[in-house]
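Grab the viewer and work through a few short exercises with me. Try each task on your own before you read the solution under it.

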Amino acid sequence: MKSAVAVALASAVFAVKGFAAETSLHLEQKDSAIVIRAGDKLLCEYLFAGVPFKPYVRQFTSPAGFNPLRDQVADHKHHHALMFAVGVDGVNFWEETAKSGKQVHLAVVASGTNSKDGSATATFTEQLDWVAPGEVKLLRETRRIDMHHAADLGATLLTWRTALETAAGRESVKLGGNHYYGLGMRFLASMDKTGEFFTKENAAGEVVRGGEKLTPGSWCAYAAESEGKAVTVAMFDHPDNARKALWFTMATPFAYLSA
């Protein structure tokens with residue numbers, strides 16, 4: 001199974017006014033993380049080591065340096081900024097308990113940057129095993145992250161591609177889980193409760209529980225304020241995906257968006 005989602009981050013903070021013209025990107029692989037910068041500005045920090053259950057994007061910032069993501073919050077310690085997880089054969093890879101599965105980092109198999117016509121892309125690819133309790137391997141994942149950057153874009157754009165295949169010796173697995181599983185983002189406390197979700201198609205969506213909804217659409221965005229500044233974060237379904245995204249949204253008691 002292959003799936004891709006693009007995530008864009010934009011707001012008044014990131015408006016072109018005052019936006020640095022630096023379009024070259026620098027990718028640095030450290031012992032436990034990959035860091036991508038445009039000039040001296042941090043765009044992305046991805047943790048792959050020292051994470052007991054799953055690698056994830058810890059920081060994803062605007063061109064102005066604002067990071068809207070919240071990591072390992074007291075109320076949900078398994079919420080890791082921008083992360084991906086589902087259930088596999090009844091094993092929960094979303095939560096982080098003794099009974100949960102783990103996404104085990106194997107290697108960063110490729111990385112590099114490319115600049116052309118005033119835009120730049122930094123790319124890295126990671127291989128992971130999805131392992132159930134008892135060291136039972138269920139899946140092998142190839143995960144590719146692309147950071148796109150351009151002086152006239154006015155936003156930071158990240159593309160997350162996941163390709164899943166059954167582990168050696170397994171003919172099939174069943175993917176499933178709760179309605180909020182998928183590629184998810186936990187937002188800053190200052191963005192809770194007061195923001196607004198919207199889609200291109202303006203579909204009403206299905207209320208699943210309380211204020212939690214599942215809404216179809218080609219993209220979904222969340223607009224809120226943080227520190228007196230307008231922030232908009234959007235997620236885009238890749239047009240090549242065989243099954244189109246359902247967007248999970250909730251604004252209270254905290255703000256969360258997942259594909």
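What follows is a set of exercises on charged pairs, rings and one loop residue.

Before you start, note that this is a predicted model, where local features need pLDDT of at least 70, side-chain atom pairs count only at pLDDT 80 or more, and totals for chains, interfaces and linings use all residues. Residues are numbered from 1 along each chain as its sequence is written, and side-chain values use heavy atoms, with hydrogens and water left out.

**Exercise 1.** Find the partner of glutamate 45 in a salt bridge, and work out which strands the two residues sit in.

*Solution.* Start with the rule: a salt bridge here is a side-chain nitrogen of Lys or Arg within 4 Å of a carboxyl oxygen of Asp or Glu. The structure has eleven of them. For glutamate 45, the partner is arginine 58, and their closest N and O atoms are 2.7 Å apart. Next, place them: glutamate 45 is in strand β4 (residues 41-47) and arginine 58 in strand β5 (residues 56-60), so you're looking at a link between distant parts of the chain, 13 residues apart. Strands are DSSP runs of E with at least two residues, numbered from the N terminus.

**Exercise 2.** Take the salt bridge between lysine 54 and glutamate 96. Is lysine 54 buried or exposed?

*Solution.* First the contact: the two side chains meet at 2.9 Å, N to O. Then the location: lysine 54 is in the loop between β4 and β5, while glutamate 96 is in the loop between β10 (91-92) and β11 (102-116), 42 residues apart. Now the cut-offs: buried means under 20% relative accessible area, exposed means over 50%, and partly exposed is in between (1.4 Å probe, protein chains only). With 1%, lysine 54 is buried, whereas glutamate 96, with 23%, is partly exposed.

**Exercise 3.** Why does the salt bridge of arginine 161 and aspartate 146 tie together separate parts of the sequence?

*Solution.* Check the contact: the closest N and O atoms are 2.6 Å apart. Arginine 161 belongs to strand β14 (residues 156-166) and aspartate 146 to strand β13 (residues 136-150), so the pair joins parts 15 residues apart in sequence. As for accessibility, arginine 161 is partly exposed at 29%, and aspartate 146 is buried at 1%.

**Exercise 4.** Describe how the rings of tryptophan 219 and phenylalanine 236 pair up.

*Solution.* Rings of Phe, Tyr and Trp (its six-membered ring) pair if their centres lie within 6.5 Å; planes under 30 degrees apart are stacked, over 60 edge-to-face, and the rest tilted. A search of the whole structure turns up 13 aromatic pairs. In this one, the centres are 6.4 Å apart with 50° between the planes, which makes it tilted. Tryptophan 219 sits in strand β20 (residues 219-226) and phenylalanine 236 in strand β21 (residues 229-237), 17 residues apart.

**Exercise 5.** Which ring does the charged end of lysine 102 sit over?

*Solution.* The test is NZ of Lys or CZ of Arg within 6 Å of the ring centre and within 35 degrees of the ring normal. For lysine 102, the ring is that of phenylalanine 53, with its centre 5.4 Å away. Arginine 186 lies over the face of phenylalanine 254, at 3.8 Å from the ring centre.

**Exercise 6.** Locate alanine 242.

*Solution.* Look in the loop between β21 and β22 (246-250). Alanine 242 is exposed, at 79% relative accessible area.

How values were computed
Helices (H or I, at least four residues) and strands (E, at least two) are DSSP runs, numbered from the N terminus.
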